[in-house]
There are 2 protein chains.
Amino acid sequence: MKQTATRKSFRREGEDKRREDLIAATLECVAERGLAGATVREIALRADVTAGLIRYYFPAKDDLIGAAYRAVMNRMTVQASDALKSAADDPRDRLNAFVKANLGQPIMDPNNLSLWAGFIGMVHADPAMALAHRDGYLGFRDELEALIREALLAAGKPAEPIHTRRHAIAVNAIIDGLWLEGCLAGDIFAEGELAETGIAAIEAVLAISLNPEKGGAI
Amino acid sequence: MKQTATRKSFRREGEDKRREDLIAATLECVAERGLAGATVREIALRADVTAGLIRYYFPAKDDLIGAAYRAVMNRMTVQASDALKSAADDPRDRLNAFVKANLGQPIMDPNNLSLWAGFIGMVHADPAMALAHRDGYLGFRDELEALIREALLAAGKPAEPIHTRRHAIAVNAIIDGLWLEGCLAGDIFAEGELAETGIAAIEAVLAISLNPEKGGAI
DNA sequence: CGTGTATTTATACGCTTGCATAATTAGAGC
DNA sequence: GCTCTAATTATGCAAGCGTATAAATACACG
């Protein structure tokens, strides 16, 4: 076993696994030291790989960063959708669960904000990234608008597209704004306070109750 | 005028002027190419100064960046406060004007978002930045809470601190969220749509009218 | 009209970065 | 077990970074 200046031993991994590992390592770096801390060498170190390999899987570093961004956004979307799947049937419960999921762990997390903010900074300069972002945003808002529509109907309220569009914009703003506050300074809020505040505000905006079981309201 | 390899001519400026110029140049860089584009050399170029001078006025580059961040936040705060000064006496009109100012030009601007996002990315890693941000955020929210309290009282509604706090959190989220949407994709909204949506949402949350003149409501 | 000094320029150093490329090797297929 | 190739390591480079420091100069003051 005496080895002086030996090469690093390695295993060949599947392409998918390696990409995932590299993305995960990137997210670790960003989480700990911000976007500036995500250098190819540091990422490689975390992935237990040498720096050169990154370029084997990603044409340039920015492609890896972009993939990492998409992974985070996708992960958040999936987590919110998961909350929907395990929710009750009543549309109001579903909207309630959706909001709570977005305003609680693990979605409302400073690490997510760091990556998101870093990426937003690039959006302004890179049109391709701007497009990717807009798609994500509109997708989220469309999902929200559908939930709102069903909740309104379940409460016996009209749900014209003209109104649901504006409602979706407002509710989306409430979620985004509270998410932001929670990510940036979660410690100055009580446990669950932001989620409760969000639910109450959305109830007021939509003029319906999102807790049809307990607090009955037509 | 024949000069080969002459030194750059310069004028001595007051300390305040130089600091302001350097900060302005920094903001230009960040707005155009993100935080990564704000290098000492590029900043110096924009300020029509050589790079070394930056360190004469700021101990390190990060100090300049921090000063620039504070300048942006301060500028937005001042702009919003200006809108208050030229508003009517009725507290509901004042809150209305405050919201409209934050959801219109020049505050709701992609450049401001770029700056803000770039800095927010650092907040997570740099404790000093985090403190600066928290102060700004709490200052904004406090101002908002005072406005809300007065508006509620003017409408004959109770304004207990327990409630105004939560209202301030929610209204702040609405403003932040809509500001974000407008900065990121202002072109997909009609003129004034976001401001109107914000006013309507806030009216719903506070259960008062913010247009006491025209649309009378107790 | 000199003179002193605070301000500004100029230059260079040591690091780190992203990227390219050559050398190696693990592991599948025959 | 051999062989071939795709995956991985290792090395180096050119560029750009922040910072330190010495040299130059504008300009207030006497």
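Modeller: Helices are DSSP runs of H or I with at least four residues, strands E runs of at least two, numbered from the N terminus. The model is predicted: local features need pLDDT of at least 70, side-chain atom pairs count only at pLDDT 80 or more, and totals for chains, interfaces and linings use all residues. Residues are numbered from 1 along each chain, chains are lettered from A and ligands numbered from 1 in written order, and side-chain values use heavy atoms without hydrogens or water.

Biologist: Which element gives the largest share of the surface near DNA strand D?

Modeller: Near means that a heavy atom of the residue lies within 4 Å. Four residues of this surface come from one element, the largest share, and that element is α3(A).

Biologist: Which residues come nearest to DNA strand D, and what share of its atoms within 4 Å of the protein is sugar and phosphate?

Modeller: Of the 25 residues around the strand, the nearest are A:Arg12, A:Arg18, A:Tyr56, B:Arg12 and B:Arg55. Among the atoms of DNA strand D that come within 4 Å of the protein, the sugar and phosphate share is 67%.

Biologist: Which residue's side chain has an N or O atom 2.9 Å from a base nitrogen of DNA strand D?

Modeller: Phosphate oxygens of the strand lie 3.2 Å from a polar backbone atom of A:Arg11 and 2.9 Å from one of B:Val40. The base nitrogen, at 2.9 Å, pairs with the side chain of B:Arg41.

Biologist: Which elements give two or more residues to the surface near DNA strand D?

Modeller: One element belongs to chain A and one to chain B. They are α3 (52-57) of chain A and α2 (40-46) of chain B.

Technical notes: A polar contact is a pair of N or O atoms within 3.5 Å; within protein, one must be able to donate a hydrogen and the other to accept it, and residues adjacent in sequence count only if both atoms are side-chain atoms.
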